[in-house]
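Morning, everyone. I have one structure to walk through, and I'll keep it brisk. Here it is on the screen.

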Amino acid sequence: MIPLCVPNLGGNEGHYLQQCIETTFVSSVGPFVRRFEEEVASACDSAGAVATSSGTTALHLALVAAGVGPGDLVVLPSYTFIASANAISHCGATPWLFDVDAASWTLDPALLAERLAAETGRRGDDLVHLPSGRRVAAVMPVYTLGTPCDMDPIVMTAREFGLPVVADAAAAIGATYKGRPLADMGADLSAVSFNGNKTVTSGGGGAVIGNDAEVLDLVRHLSSTARVGSDYSHDRVGYNYRMTNLQAAVGCAQMESLAAFVGAKRQIRATYDRELAGLPGVAPFPQPEWSHSGCWFSGVVLSDPARPAEDVRQRLRGAGIEARPFWKPMHLQEPYVDAPRTGMAVSDGLWHRVLTLPCSTNLSASEQAFVIDSLKKALA
Ligand SMILES: Cc1ncc(COP(=O)(O)O)c(C=O)c1O
């Protein structure tokens, strides 16, 4: 099988892991954790980074640090991975689900401005969602497929309504927005994932990045049981969300290849787009002009009803190629069917037509040519 997306572990991963074993630094106390944080911060142009056990826990911490609490609403595009919505739920809050923009599959700035104006009002210092009476506490844009949203108008609207912006940048390491790296795109805090299928992996893990050192200190404090000093004193309910030295060791080795991995991902995307251009019923993944995507995943959008995505997927499987559908929107997921929402025309029309194709950073040119050829046959 040509797999959809597997880690590329050809660097110093084993060597650094061996150092963890030899020095007995296997837990979250260990030199690789700090080194990983410095490398991630440097790659994102961030004032700092707090390494976490996963992207989900990074998102949860970022939301708590941004002041999201029980009963609140957080604006979220419905077309995302369920971890974004779950991180909101872990705060005791609920996502306010928005449709995405058809041209980028990310939060639509015009829709955001329109719905905030139409559906919210002030109650003292709080912004309240008038239909539900709940406080709106934050906006969480999602950088779908490693493609940043059009952040300038989103951040402008959020500021106008007094809302912090916490970006789900799970798959966006290496991406830029109008030439700006992750920490400079406008979000107050951003969460990255280093899950096994991400461009850079630590086996599992995440990081919170941002440019306010005090807020990052709070995130770090929360991530390690809110412990004060070296005794067993804790000043609030914290979490055990730290990354371990073992994960960070793998992450440090992976960061040495960040530029090469992002370059490979972009190359794979460009090849699919070029070779599949003009095929009837096939459209590429979006590349909005404001972003230089990290191209986490590549694939196609299929529009011929005679060739449904699942049918094409099975044909590819028969040829020894793993292809997969992509996210099912949150408003169709059981835990979120009752969440407040806007109309969902774009998300509803999109999600079942998306097919992701092999895009591991070590996919060879001949393997990709075989995938392209097999896809053309499956569609013929
Ligand atoms: C958009 C998005 N948000 C959040 C996450 C969660 O990251 P993790 O799996 O590291 O918890 C992912 C992971 O795939 C993701 O794609």
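Start at the ligand. There are 14 residues around it, and Gly55, Thr56, Ala83, Ala170 and Ser193 come nearest. Near here means a C-beta atom, placed from the backbone, within 6 Å of the molecule. Helix H3 (55-65) and H4 each give at least two residues to this shell. Helices are DSSP runs of H or I, at least four residues long, strands are E runs of at least two, and both are numbered from the N terminus. By class, the shell holds 5 nonpolar, 8 polar and 1 charged residues. Nonpolar covers Ala, Val, Leu, Ile, Met, Phe, Trp, Tyr, Cys and Pro; charged covers Asp, Glu, Lys and Arg; the others, Gly among them, are polar.

Two housekeeping points. This is a predicted model, where local features need pLDDT of at least 70, side-chain atom pairs count only at pLDDT 80 or more, and totals for chains, interfaces and linings use all residues. Residue numbers run from 1 along each chain as its sequence is written.

Next, the domains. The assignment gives domain 1 (13-255) and domain 2 (258-379); such bounds come from an automatic or database assignment. Their centres, taken over C-alpha atoms, are 25 Å apart. How many residues of each domain are in contact with the other? It is 41 from domain 1 and 33 from domain 2. Contact means C-beta atoms, placed from the backbone, within 7 Å. On the domain 1 side, helix H4 (82-90), strand E3 (94-98), helix H5 (109-119) and strand E8 (176-177) each give two or more residues. E3 has the largest share, with 5 residues. That side of domain 1 divides into 25 nonpolar, 11 polar and 5 charged residues.

Now tyrosine 336. It sits in the loop between E16 and helix H11 (345-350). Tyrosine 336 has 21 C-beta neighbours inside 10 Å, so it counts as buried. The cut-offs: 20 or more other C-beta atoms within 10 Å is buried, 12 or fewer is exposed, and in between is partly exposed, with C-beta atoms placed from the backbone. Beyond four places in sequence, tyrosine 336 touches Ala85, Pro95, Leu97, Met330 and His331.

On to the core. The largest nonpolar core has 123 residues, and Ala62, Leu63, Val74 and Val208 touch the most other members. A core is a set of buried Ala, Val, Leu, Ile, Met, Phe, Trp, Tyr and Cys residues joined through C-beta atoms within 7 Å. This core takes at least three residues from each domain. Outside its neighbours within four places in sequence, valine 74 has contacts that include Leu63, Ile88, Trp96 and Met140.

Helix H10 (residues 309-318) is next. Which of its residues are buried? Ala309, Val312, Arg313 and Leu316. They span an arc of only 105 degrees around the axis, so they lie on the same side of H10. That arc is taken from the directions between helix axis and C-beta atoms. Glu310, Gln314 and Gly318 are exposed on the other side. The buried residues pack against strand E15 (298-302), strand E16 (324-325), strand E17 (354-357) and helix H12 (365-379).

Last, backbone angles. Most residues other than glycine have a negative phi. Threonine 24 has a positive one, about 65 degrees. It lies in the loop between helix H1 (13-23) and helix H2 (31-44). Threonine 24 is exposed, with 9 other C-beta atoms within 10 Å. Alanine 226 also has a positive phi, about 50 degrees. Alanine 226 is partly exposed, with 15 other C-beta atoms within 10 Å.

Definitions and conventions:
Two residues are in contact if their C-beta atoms, placed from the backbone, lie within 7 Å.
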